[in-house]
Amino acid sequence: MALTIALPLAFTSCSDDDDDNGGSSSSSSGVSIITTDDGNQYLLRNIGDIFTYVYDSNGRCVNIDGDFTITYNPCVISSLSNDDDYEYTINLTLNNSGYVTKMVSYYSYVDGKDSDTENSTTNFSYDSSGHLTKMETTTIENEIDNNISYQYTGNISSSFTWKNGDLTKVETSEDYSDNGEKSTCTDTYTYEYGNIENKYQQYLLAF
């Protein structure tokens, strides 16, 4: 879902008592903070006409576009449709530096006799500098469409290589079963950098 790219959360504002597991940074300015050329800092309020963000008095995002509600200690992101036909919940476990170490998500959709449920768990690992080094996801999805049942199970593992603070390589492997049909795939991505400073920490896709 688009939520995964829409969260500007300053998670360091809601750390819990879990062990660090890396991520030693103590900065409390999450990606929702934008610093301009004159040194002023602003909270991200919207992304065009797509996403709108609401914050509490501590600068923590508490709502996204009126659809997703965020609570803290523990961190839970949830959404429920007005007619109750779908539910989406994400539970996050954080280390003492505010980095997400575990994400458990649940999605449910019901439309008459048709339904779709998905349970997913992702574990994150970091190095001593706070860089993401590994991400492992297990997903189970069950769907009923026109009285026909489908099931998907998958395991995705991604490793991240860093050099001098820059991400240089991402390696992914996926093993999954799509309604009984098993498959495996792997991908490797490498990154090179120029000399132009990315002042606002933007990720721009080039098509």
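## A first look at this all-strand model

Buried residues account for 28% of the 207 residues in the protein. The model you see here is predicted, and its exposed surface comes to about 13500 Å², with carbon and sulfur atoms supplying 46% of that area.

Let's start with the secondary structure. The protein has 14 strands and 0 helices. Among contacts with a separation of 6 or more, 35% join residues that lie 24 or more positions apart.

How are the strands arranged in the sheet? An open sheet is formed by 12 strands, in the order β3-β4-β5-β6-β7-β8-β9-β10-β11-β12-β13-β14, with antiparallel pairing. β3 (46–47) and β14 (181–190) stand at the edges with a single partner strand each, so one side of each has no neighbour in the sheet.

For one pairing in detail, look at strand β9 (residues 100–111) and strand β10 (residues 114–126), which pair in the antiparallel sense over 10 bridges. Within this region, V110 has S115 of β10 as its bridge partner.

Now to the interior. The largest nonpolar core holds 18 residues, and those touching the most other members are Y53, C61, I64, I70, I77, L92 and V100. Several strands, including those below, each supply at least two residues of this core.

| Strand | Residues |
|---|---|
| β4 | residues 51–55 |
| β5 | residues 61–64 |
| β6 | residues 68–71 |
| β7 | residues 75–80 |
| β8 | residues 86–94 |

β10 also supplies at least two residues. Which strand gives the most to this core? That is β8, with 4 residues.

Terms used: Residues are numbered from 1 along each chain as its sequence is written. This is a predicted model: local features need pLDDT of at least 70, side-chain atom pairs count only at pLDDT 80 or more; totals for chains, interfaces and linings use all residues. Side-chain values use heavy atoms; hydrogens and water are left out. Buried means under 20% relative accessible area, exposed over 50%, partly exposed in between (1.4 Å probe, protein chains only). Contact means heavy atoms within 4.5 Å. Accessible areas come from the Shrake-Rupley method with a 1.4 Å probe; for residues, only the protein chains shown count as cover. Two strands pair if DSSP finds at least two bridges between them. A nonpolar core is a set of buried Ala, Val, Leu, Ile, Met, Phe, Trp, Tyr and Cys residues joined through side-chain atoms within 4.5 Å.
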